[in-house]
Amino acid sequence: MSTPVSPRVRDRWRTWRAPLAVLALMLLLATVIVLLGRPRPGGYLDAEATTPQGAHALVALLGNEGVVVEQVRTVDEARAVADPGTLLVVARTEYLSGADLLAQIAALPGDRLLVEPLTEALEALAPGVTAGDYQSSTVRVPGCGLRAATLAGSALTGGEGYQATGATTCYEGTLLRHQRDGRTVTVLGSGEFLSNARLAEDGNAALAMNLTGAHPRVVWFVPVSVQGTGEGTATLGELIPGRVSWAVLALVLAVVLVALWQGRRLGPVVTERLPVVVRAAETAEGRGRLYRARRARDRAGHALRAAALNRLVPRLGLTATATPDAIVSAVAARIGQDAGQIRAILYGSAPADDARLVALARNLDIIERQVRDS
Amino acid sequence: MALTGRAGLIALVGVVLVLLAPRPGLAFALLVLVLVVLVAVDLALAGSVRLLRFQRLGDRAARLGETVEVTLLVENPGPRRVRGRLRDAWAPSMRAVPREHTLDVPAGERRRIVTTLRPLRRGDHRAATVTVRAVGPLGVAARQGGHQAPWTVRVLPPFLSRRHLPSRLARLRELDGHNPVLVRGQGTEFDSLREYVAGDDVRSIDWRATARRSEVVVRTWRPERDRRVLIVLDTGRTSAGRVGVDPTSGDPAGWPRLDWSMDAALLLAALAARAGDRVDFLAHDRAVRAWVSGTSRTEVLAALVNAMAPLEAELVEADAPGMVAAVLAQARRRCLVVLLTDLNPAALEEGLLPVLPQLAGRHQVLLAAVADPRVAELAARRDSAEQVYDAAAAERLRADRHRITARLRRHGVEVVDALPEDAAPALADAYLALKAAGRL
């Protein structure tokens, strides 16, 4: 008689609830750990970003020194906090497009620090400064009389080299400072030394603090999206009609259902104890390979001769105790060949190379055949 | 539970509807709802798999190479029809066909399902789980469950050498009293008196009996009877080696020496039983694996085949002293001990040779081994240096076999060393020769 073996639903629940609980707990823990330990996201030189590219470390240092750092994302926000006593730090000028917008920024009061400005931004915000060749990013010595640079010493600089009449250039032109229209404008070819990853190296931190910490308030204007007008601001997701994502969801559902249909086995896999498969000839083949590997021509020749003699002796009507001389003369008499030659084949020295071994095997075969056929 | 392709198909149609619907979110929710309802309804209305009852009928034993038909009776005592698929699972080497059956059992009825097995391997094979997938009336979802319906099929050794039996029985009859001239000798015993017919050997005329009667009477003789033959099968590591070509499946990887030895043992047992001898059987490696004794002559073959069926070669060195002790304990009278093992010099010199005198002193020992045709093949090919090295290794192996054979013969042991196909007839011939010589 038969007995059902499939578990009922409640049995299955009883089996699985403990592993499921453990899994849920692990997921919860992992989520908490990731949320707590995750670096705060943000782009290059973002004041809040703790990623290697961010500038949170520098902002925190400034805060410790009593400098107030105002992080702004738009021109309007910048205008609200800027006054003649502040330093305006502008980076990521690729997000600042349009002459109107740049003019608005140029109208902001106070000193300026431009980080890697594009040509358009450079012309608007630091008029009179021209950009030269691009230089690779490396550690350079100041090579100028600017106090902020000489105090810091060598630092990681690079980017475009700048020139302007009456300006001080340091680090082979990648740092330029000049006075114009009653304000100090500083241009940096590379802002890499301001980032979290590089701040601790060489004189980077000192240079960064000297450049940005001279004012009681700093307006940190690093946009994260395209500013200004005239460009479409819709993301890719916003451009796709809503029904497509629903259809994709339905498609995922269909795929999952088909996978469940095809993945369900009709009954468990049947296992079986398999027998050992050992080919009995493996020992002979293994020994042959050993002979071959060691070039054991002496042993191989000896085995071949002994086997041939074993077969020859009964055919010649001799007993196993027959002497080599008796065997050689009996063979010579039977097949009518030179006894010396036969002795060399049956009792000669070990073959010196593979060719002679093959020849020996062939000669033994010939003698055996002749004795058999005679 | 299980889903069918229809569930996926419905979801695919739903994708199009979601694309076309005025409110795609709502359409998607509706799709999910419809699917859930359909699956739930189907599961609720599908026939119960748990309530099914199974019963088995059919063959319980077969020779290797034959097909086995196993019948499964499926009874549905539940209130709903069970419609779907059924799998009667067996081990892969049983080669069960068909793999899946379609099943349709109305409530309260029974259906018969026949699975054909073509076993590849000897031994006891148990049925695995019977799994049923009962599809609901909508064909969207199915209930699935397994049942244990126990059944064991014993696959017996094929006894392929029985084709040699008629010729050996004819040889046996020649030894029998029909032709007294042939069998005069110490290996014969007095059978009966009968009338002289022209052609009888005059030396067999019983003059004393002739004097009492009016006609000339001759004595007839027959070979000795009621001797004991003990077949000892070595199931140690040397019996695992594969030689020749598997005669049941044509597998060129070969058939274990154990199976060839069994084949030879069965022919010998059949012959000895017909010749009036008692046949016992012992399988031994580190321990006694099988023991058959005291069965009647008509049943000995069946008993042997049954005892041999589950035997497998064990990957351990055979314990020759233990085997000899077991033989000596069982066979108190002198008998013919047929050892089916391999002429492996290392194994024999360490194991059997030291204890052989104890055995050969009390019993006539006949050692039968299956030679490997591959070794002869290797020894014959001598065209390149590689082949000559292999040939030398093969010759070395053959020389070792000859050496150990000579040593065994010095102990008074008869040795039969034959290629796989010839092993069974060669062993039978050796037995007949011993019987003719009266050495049993």
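Contact is taken here to mean heavy atoms within 4.5 Å, and among contacts in chain B between residues at least 6 apart in sequence, 73% join residues at least 24 apart. The model is a predicted one, in which local features need pLDDT of at least 70 and side-chain atom pairs count only at pLDDT 80 or more, whereas totals for chains, interfaces and linings use all residues. Side-chain values use heavy atoms, with hydrogens and water left out, residues are numbered from 1 along each chain as its sequence is written, and chains are lettered from A and ligands numbered from 1 in the order of writing.

The radius of gyration of chain B, taken over C-alpha atoms, is 33 Å, against a value near 22 Å for a compact globule of 440 residues (by the rule of 2.2 Å times the number of residues to the power 0.38). The C-alpha trace of chain B spans about 120 × 70 × 40 Å along its principal axes, and 54% of its 440 residues count as buried, that is, under 20% relative accessible area with a 1.4 Å probe, protein chains only.

The largest nonpolar core (buried Ala, Val, Leu, Ile, Met, Phe, Trp, Tyr and Cys residues joined through side-chain atoms within 4.5 Å) has 50 residues, with Ile231(B), Phe281(B) and Tyr431(B) having the most contacts inside it. Helix 6 of chain B, residues 257-274, contributes the largest share of this core, 12 residues, helices being DSSP runs of H or I of at least four residues, numbered from the N terminus. Beyond its neighbours within four places in sequence, Tyr431(B) is in contact with residues including Val229(B), Leu268(B), Leu271(B) and Leu440(B).

Key: Helices (H or I, at least four residues) and strands (E, at least two) are DSSP runs, numbered from the N terminus.
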